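Below are some notes for a colleague on the model, set out as numbered points. They deal with charged pairs, helix packing and a few individual residues.

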Amino acid sequence: DLPPKLWASLEAFGPGAALRARASGGAIGASASATAAFVGERPGADPEAARFLAALQARCGGPVPGVTPITFFEQSWTLVSFATAGLGHTAPRAILDSLDAALGADGVPAAPGLPSDSDDTAAALYALALHGRVHRPDSLLGYRADGYFRCFSFERNPSVSTNAHVLEALGSYASGRPLERRRYAPDIAGIVRWLFDVQAANGSWLDKWHASAYYATACCVLALAAFGGPGCAPAVERASRWVLGTQREDGSWGRWSGTIEETAYAVQVLAKAPVPGREAESAAAVATGCAYLASGDEPSAYPGLWHAKDLYAPIRVVQAARLAALELGARQASRV
């Protein structure tokens, strides 16, 4: 009797594990391997599951993604990237309705069939609020821990980017609502202190969901700069100095080599939070970073930097980050 939270790893638990598992849209736990284990042990139990696997294999001639679908994760991150960059867009009503419908008492999952988590919940709440659909963020409160927020209720290791996203959700809701500000102020202050405590000595942050510190650092800088208050300035400045000091000669950024994704995050940091006293250098770095981003884009070449059961690249999420960075760079260039 395997708990639903473990269905995504169904293939690891041996015979009998699939007896109580149920598919959502044909998928077990947004996992092809878990779905294959389910179909293998219970052939004919859910014909849609077999069709799900066949469709995945047909897409690329055999290989399948390690995690799919990523419905609400993809929708939320894309909407937030566009809105916070000021990128002119009209969010399709169907996408906003999808996120609205996914929001339950314990929040939003990354996709149907997965357990809800505070990361996707926070991003969905923030995305909806940025597009005129405001919800009280009380679905996040069940994830409180000791001074930070868990991503899952059964989590052992906290996530930096998750707490940055929770800060955005709580902060955006409390802004302009004095009574609500008092209600959520302790949680907001707790997250800010916790992010200060886990910032690396070089100014960066690193997260368990992503191989690159540029992702976590961008999440933290954008959240702290917008909703952390004036006391966050030193932490934000250290992060921006680290980003400015790690640009590659070709204008890119990257942990192992320059990538579109990591460059997009670095550009967002320096465009939103240029290093005090080095604004001209920051602007120049943004300009060369944007030139790298504009020089070419091949989504099939995106390296897998995101952590699940294996490394993967959420292509539309990365494309949205790139477009947001280019918009921020263009806005900065127009002011120079």
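1. In this predicted model, E180 is buried, its relative accessible area of 15% falling below the cut-off of 20%. The partner of E180 in a salt bridge is R136, and the closest N and O atoms of the two are 3.1 Å apart. R136 is partly exposed, with a relative accessible area of 41%, so that the bridge joins a partly exposed arginine to a buried glutamate.

2. The bridge between R136 and E180 links distant parts of the chain, for the two residues are 44 residues apart, with R136 in the loop between α5 (118-130) and α6 (160-174) and E180 in helix α7 (residues 178-198). The structure as a whole holds 13 salt bridges, of which the notes below take up two further examples.

3. The salt bridge between R322 and D297 has its closest N and O atoms 3.9 Å apart, a value that lies within the 4 Å cut-off for such a pair. Because R322 belongs to helix α12 (residues 315-335) while D297 belongs to the loop between α11 (279-294) and β1 (306-307), the pair ties together parts that are 25 residues apart in sequence. R322 is buried, at a relative accessible area of 14%, whereas D297 is partly exposed, at 28% relative accessibility. As for bridges with shared partners, these join R136, D138, E180 and R183 into one network.

4. Where does the pair E237 and R241 lie? Both residues belong to helix α9 (residues 233-245), where they are 4 residues apart, about one turn of the helix. Their side chains meet in a salt bridge with an N to O distance of 2.9 Å. E237 counts as partly exposed at 26% relative accessibility, and R241 is likewise partly exposed, with a relative accessible area of 36%.

5. Turning to helix packing, the axes of helix α1 (residues 32-41) and helix α2 (residues 47-60) come within 9 Å and cross at roughly 135°. That angle makes α1 oblique to α2, since only angles over 145 degrees would count as roughly antiparallel. The crossing in which α1 passes α2 is left-handed.

6. Which residues of α1 and α2 meet? On the side of α1 they are A32, T35, A36, F38 and V39, and on the side of α2 they are A49, A50, F52, L53 and L56. Sorted by class, the contact of α1 with α2 has 9 nonpolar residues, 1 polar residue and no charged residues.

7. E48 also has its place in helix α2, and E48 counts as partly exposed at 38% relative accessibility. Apart from residues up to four places away in sequence, E48 touches G25 and G26. The C-alpha atoms of E48 and A27 are separated by 8.3 Å, although the two residues are 21 residues apart along the chain.

8. Helix α3 (residues 71-84) and α5 pack at an angle of about 45°, with their axes 8 Å apart. This makes α3 oblique to α5, and α3 passes α5 in a left-handed crossing. The contact brings F72, F73, S76, W77, L79, V80, A83 and T84 in α3 to D119, D120, A123, A124, Y126, A127 and L130 in α5. By class, the residues of the contact of α3 with α5 divide into 11 nonpolar, 2 polar and 2 charged; the contact of α1 with α2, by comparison, has no charged residues.

9. A last point concerns R177, which is placed in the loop between α6 and α7. Is R177 buried or partly exposed? At 31% relative accessibility, R177 counts as partly exposed. Once its neighbours within four places in sequence are left aside, R177 is in contact with V134 and S172. The C-alpha atoms of R177 and R331 are separated by 30 Å, and these two residues are 154 residues apart along the chain.

Key. Residues numbered from 1 in each chain as written. Predicted model: local features only at pLDDT ≥ 70, side-chain atom pairs only at ≥ 80, totals over all residues. Heavy atoms only, no water. Axes fitted to C-alpha atoms, helices over the stretch in contact; angles between N-to-C directions. Parallel < 35°, antiparallel > 145°, perpendicular 65-115°, else oblique. Left-handed = near helix turned anticlockwise from the far one by under 90°. Contact = heavy atoms within 4.5 Å. Nonpolar A, V, L, I, M, F, W, Y, C, P; charged D, E, K, R; others polar. Buried < 20%, exposed > 50% of the residue type's maximum accessible area, 1.4 Å probe, protein only.
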